[in-house]
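Here are some friendly notes to read alongside the coordinates. I have kept them in numbered points so that you can check each one as you go.

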Amino acid sequence: MHVSFFERETLDTSAFIVSGFLLVGILETLNRYVRILSGLQQPHVDVRCCWRPLANAVLAGKPMYVRPAVDNKPPLFELLNVAVAATGRYLLVFFVLIGIVNAFSAILLWRICAERNASRVGLMAGLLFLTSVPATGGTVINVRSFAIAGILLALWFDHPLARGVTIAVAGLFSQHAVFAIPVLAYDGLRYLERDDWVEWIATFVAGGLGVVAVSFGFVYLAWGPASFQGALYWSFGAAKKYTTNPVVPSLIGDTSRWLAALYRSTIKHLFLLVPAAAVVYQLLTERGSKRVLRSTNAPVVTATLLAFSMTIPLFVRAYRAYWLYPLPFLALLASIGYQQLFTLGRDEFSTSEESRPRADHDQPPARGQSDDFLR
């Protein structure tokens, strides 16, 4: 059976794919950087009004999270923000970082699938993700790109400690990453015996809490108790005011603007939403679910749950930027949908993914085996 160039797992092909993703990711963000330098665009409003002034204030000796150096982002992002400002090339360094992080998310999508013998699905998912990033504002300086990379890295890790650490890192860039925690926990527990659940959860939670404690502890040691209290307030305490603001386009606030914004954004993402919805519909039907789960080893069920959970921020604020949260998981589902569309009329796909024997569904899958059978 013919095996395509991208399905051969060699050092050369892996380096080619990684280099390609990095090139696309960095070019996307540098394009915006050049437009800013030429005066065609301005830096994002958060950069102008919040993040750069905060970083400059901290570098001038002001304590973080105490006025004037206040912002509602968690400590890891603010520490990175200050570190980037210290380089003296704030915009350039940040745009390169965002490009690398976006590319890293695409690479993770590919690797998550490739290690389950679904390399082609993962490759297409990574490409769909990267080409959709500009439409969600993912090429500006933002926290969401870092959070998404952290969520995907947590999904890539099997060990509960590593998974807990990485999802905590994601949450310390953007609080919205917490919506992925239940799905990541479910994904880790689903094949374990019930007797092992407590140990897994304890390790997962300990890893996450450890990162949170270290981050906030660093703020306390570096700038004192006032900054520590400010970090707690702006990271967690201000959430109620943020989510219940009556004048923003949200389910709680201005619902007419919320519906209009959701409609406009939905139209832009139909090329992802339609095939993804088709896959989800098949998962919800008995015959359809069997077809989907036979067709690919990609983590279909986990991706579906993450796609739904990471749309929750859109109910808080229907900003186009918040579409970046579910974007990688919609891209993965859309990739599966397109693969099915391209092979319509065949019972099985003519790829090496389907020629390999399936593992016993009652046993925990190893890397390279399917891990998403409905239970």
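1. A good place to start is helix 8 and its surroundings. The cover over the buried residues of helix 8 includes helix 6 (144–156), helix 7 (160–171), helix 9 (197–223) and helix 15 (300–309). Please keep in mind that this is a predicted model.

2. Which residues of helix 8 are buried? Helix 8 spans residues 181–189, and its buried residues are Val-183, Leu-184, Ala-185, Asp-187, Gly-188 and Leu-189.

3. Helix 15 is worth a closer look as one of the elements covering helix 8. The axes of helix 8 and helix 15 come within 9 Å and cross at roughly 165°. Because of that angle, helix 8 is roughly antiparallel to helix 15. On the helix 8 side the contact is made by Val-183, Tyr-186 and Asp-187, and on the helix 15 side by Val-301, Thr-302, Leu-305, Leu-306 and Ser-309. Helix 8 passes helix 15 in a right-handed crossing. Two of these contact residues, Val-183 and Asp-187, are also in the buried set of helix 8.

4. Helix 7 also belongs to the cover of helix 8, and helix 8 is in turn among the elements covering the buried residues of helix 7, together with helix 6 and helix 9. The buried residues of helix 7 are Pro-160, Arg-163, Gly-164, Thr-166, Ile-167, Ala-168, Ala-170 and Gly-171; you may want to note that an arginine, Arg-163, is in that list. Helix 7 has 12 residues and reaches 16 Å from its first C-alpha to its last, close to the 16 Å expected at 1.5 Å a residue.

5. A second packing pair is helix 5 (residues 119–132) with helix 17 (residues 327–342). Their axes lie 8 Å apart, at an angle of about 125°, which means that helix 5 is oblique to helix 17. This crossing is right-handed. From helix 5, Arg-120, Val-121, Met-124, Ala-125, Leu-128, Phe-129 and Ser-132 take part. They meet a set of helix 17 residues including Leu-327, Ala-331, Ile-336, Tyr-338 and Phe-342.

6. Now for the whole chain. The secondary structure comes to 18 helices and zero strands. Of the 375 residues in the protein, 51% are buried. Among contacts with a separation of 6 or more, 74% come from residues 24 or more positions apart. The accessible surface is about 17,400 Å², and 66% of this surface belongs to carbon and sulfur atoms.

How values were computed:
Residues numbered from 1 in each chain as written. Predicted model: local features only at pLDDT ≥ 70, side-chain atom pairs only at ≥ 80, totals over all residues. Heavy atoms only, no water. Buried < 20%, exposed > 50% of the residue type's maximum accessible area, 1.4 Å probe, protein only. Helix = DSSP H or I, 4+ residues; strand = E, 2+ residues; numbered from the N terminus. Contact = heavy atoms within 4.5 Å. Areas by Shrake-Rupley, 256 points an atom, 1.4 Å probe, with all protein chains shown as cover. Expected span 1.5 Å × (residues − 1). Axes fitted to C-alpha atoms, helices over the stretch in contact; angles between N-to-C directions. Parallel < 35°, antiparallel > 145°, perpendicular 65-115°, else oblique. Left-handed = near helix turned anticlockwise from the far one by under 90°.
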